[in-house]
Structure formats: structure tokens, C-alpha cells
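Please open the model in your viewer and keep the sequence panel beside it. This tour suggests what to select at each stop and then describes what is there.

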Amino acid sequence: ILTVTDASGNSSMCSASVTVVDSIPPTVLCQPATIYLDASGNANITAADIDGGSGDNVGITSLTASQTAFDCADVGANEVTLIALDAYGNSDSCITVVTVLDTIAPNVVCQNITISLGENGTATITGAQLNGGSNDNCGVLTFSTSTTTFSSVGSYTVVLTVTDASGNSSTCTATVDV
């Protein structure tokens with residue numbers, strides 16, 4: 001209600017509606033995050049994990065991230081968008097980097113093998129021949145051995161090294177009977 005009074009003391013009143021509008025978007029501040037894959041090859045974040053202190057003059061009603069679930073295919077740097085929304089529908093966003101790391105070494109399993117010397121008096125093995133069912137949370141493995149070529153009959157201890165795509169490795173020993 002508005003009341004107006006003149007210098008002579010005469011007054012008049014009227015009513016008016018005042019609509020308060022918030023047209024100011026939130027201030028969104030991102031921060032990078034580093035996460036680690038678990039034994040199943042998965043990792044998750046929440047929007048709060050990449051929020052660097054976002055704010056709004058009337059308060060933020062929701063924070064969302066464009067991606068929250070990560071797996072072996074996401075190892076490395078991933079751009080993720082953080083979106084803030086206030087009660088009046090104003091929004092803003094920023095982009096940050098979520099770095100996904102695989103630090104879990106493979107579970108290495110060796111098996112003993114028997115090989116025969118060839119016509120030239122030598123025998124060659126590969127790491128895959130010593131692999132007895134090794135596995136990893138991200139599945140891609142390479143195999144290498146401490147010795148690959150044999151030229152005399154006997155029993156040899158050979159080290160098998162199993163390495164995953166992220167460079168994590170484990171070793172075991174196997175017996176090669178020639």
C-alpha cells in the first residue's frame with residue numbers, strides 16, 4: 001500500500017503489486033578431481049566432488065555433473081561439466097577435468113610347462129604359455145618372461161611378468177622343463 005501526503009496534509013492511498021525477480025545466475029566454480037578404479041574397474045563421483053565453492057544470491061537448488069560413472073574406457077583425463085541451478089531457474093556451468101587412474105596390479109597366476117628342444121637344439125617360449133589364468137580389473141594384459149630361449153635339457157625357473165594397460169605389473173615364477 002502506497003500512501004501519498006501533500007504539504008497541506010491531504011493524503012491518498014493505493015495498492016500495488018511488487019514482483020521480485022532474480023535474474024542473476026549462480027556463480028559456478030569447478031575444481032579438478034582424481035579418482036581411482038576399484039577391483040571391478042569402476043569409479044564414481046558426485047557433483048560435490050568437482051564443486052569448487054559455487055554460490056548464488058538466493059542459494060543453489062541443484063548441482064549436477066554431466067558424467068558421474070567411470071570405467072576402464074575412461075582411464076586418463078575426462079572433461080566433465082558442472083551445472084548449478086537456482087530456485088528461479090537461472091543456471092550456469094563450468095568444465096573441469098576428472099582424471100581416472102587404474103593403480104591396481106594384475107592378479108598373476110603361473111603354470112609350469114614342459115617343452116622339447118627342436119631340430120636346431122633350441123626351444124622358445126612366450127609369456128602367454130606360462131600364464132595360468134591371470135586377470136586384471138581392466139582386462140588387457142601383456143606377458144613377458146625372464147627367459148625365452150633354451151638350448152639344453154633341464155629344469156629352469158622363469159619369471160613371468162604380467163602388465164596391464166595402465167602399466168601396473170605383477171610377477172610369479174614357473175618351472176620350465178626342457
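## A tour that starts at a disulfide

With -85 degrees about the S-S bond, the link between Cys72 and Cys138 is left-handed. Cys72 lies in the loop between strand 6 (69–71) and strand 7, and Cys138 in the loop between helix 1 (127–130) and strand 11 (141–145), so this pair ties together parts that are 66 residues apart in sequence. Please keep in mind throughout that this is a predicted model. The two sulfur atoms are 2.0 Å apart, and if you switch on a surface you can look at both ends: Cys72 is partly exposed, with a relative accessible area of 25%, and Cys138 counts as partly exposed at 22%.

Next, select Cys30 and Cys94, which a disulfide joins with an S to S distance of 1.8 Å. Cys30 lies in the loop between strand 2 (11–14) and strand 3, whereas Cys94 lies in strand 8, so the pair ties together parts that are 64 residues apart in sequence. This link is right-handed, with 95 degrees about the S-S bond. Is Cys94 buried or exposed? Cys94 counts as buried, because its relative accessibility is 14% and the cut-off for buried is under 20%, while Cys30, at 25%, is partly exposed.

Now move to Cys110 and Cys172, whose sulfur atoms are 1.8 Å apart in a disulfide. The pair links distant parts of the chain, with Cys110 in the loop between strand 8 and strand 9 (113–114) and Cys172 in strand 14 (residues 169–177), 62 residues apart. The link of Cys110 and Cys172 is right-handed, with 90 degrees about the S-S bond. The count of disulfides comes to 3, and when the bonded cysteines are numbered in sequence order, the pairing reads 1-3, 2-5, 4-6.

For the next stop, colour strands 3, 8, 7 and 5, which form an open sheet in the order 3-8-7-5 with mixed pairing. Strand 3 and strand 5 (60–65) are the edge strands, each pairing on one side only. Strand 3 runs parallel to strand 8 (residues 91–101), and 4 bridges join the two; if you follow them, you will find Thr34 opposite Thr99 and Tyr36 opposite Leu101.

In a regular strand the side chains alternate between the two faces of the sheet. Show the side chains of strand 3, and you can separate a covered face, with Ala33 and Ile35, from an uncovered face, with Thr34 and Tyr36.

Stay with Ile35 and display its surroundings: leaving out residues up to four places away in sequence, Ile35 touches Ala43, Asn44, Ile45, Phe70, Val98, Thr99, Val100 and Leu101. Ile35 is also one of the residues that touch the most other members of the largest nonpolar core, which has 16 residues, together with Ile50, Phe70 and Val98. Apart from this core lies another, of 15 residues, including Leu130, Val158, Cys172 and Ala174.

Then select Gly41, in the loop between strand 3 (33–36) and strand 4 (42–44). Gly41 is buried, with a relative accessible area of 1%, and, beyond its neighbours within four places in sequence, is in contact with Phe70, Asp71, Cys72 and Asn137.

As a last stop, find the 1 aromatic pair that is counted here. Phe150 and Tyr156 form this tilted pair, 5.1 Å centre to centre with 50 degrees between the planes. Phe150 counts as buried at 4% relative accessibility, whereas Tyr156, at 26%, counts as partly exposed.

Key: Residues are numbered from 1 along each chain as its sequence is written. This is a predicted model: local features need pLDDT of at least 70, side-chain atom pairs count only at pLDDT 80 or more; totals for chains, interfaces and linings use all residues. Side-chain values use heavy atoms; hydrogens and water are left out. Buried means under 20% relative accessible area, exposed over 50%, partly exposed in between (1.4 Å probe, protein chains only). Contact means heavy atoms within 4.5 Å. Rings of Phe, Tyr and Trp (its six-membered ring) pair if their centres lie within 6.5 Å; planes under 30 degrees apart count as stacked, over 60 as edge-to-face and the rest as tilted. Two strands pair if DSSP finds at least two bridges between them. A nonpolar core is a set of buried Ala, Val, Leu, Ile, Met, Phe, Trp, Tyr and Cys residues joined through side-chain atoms within 4.5 Å. A disulfide is a pair of cysteine sulfur atoms within 2.5 Å.
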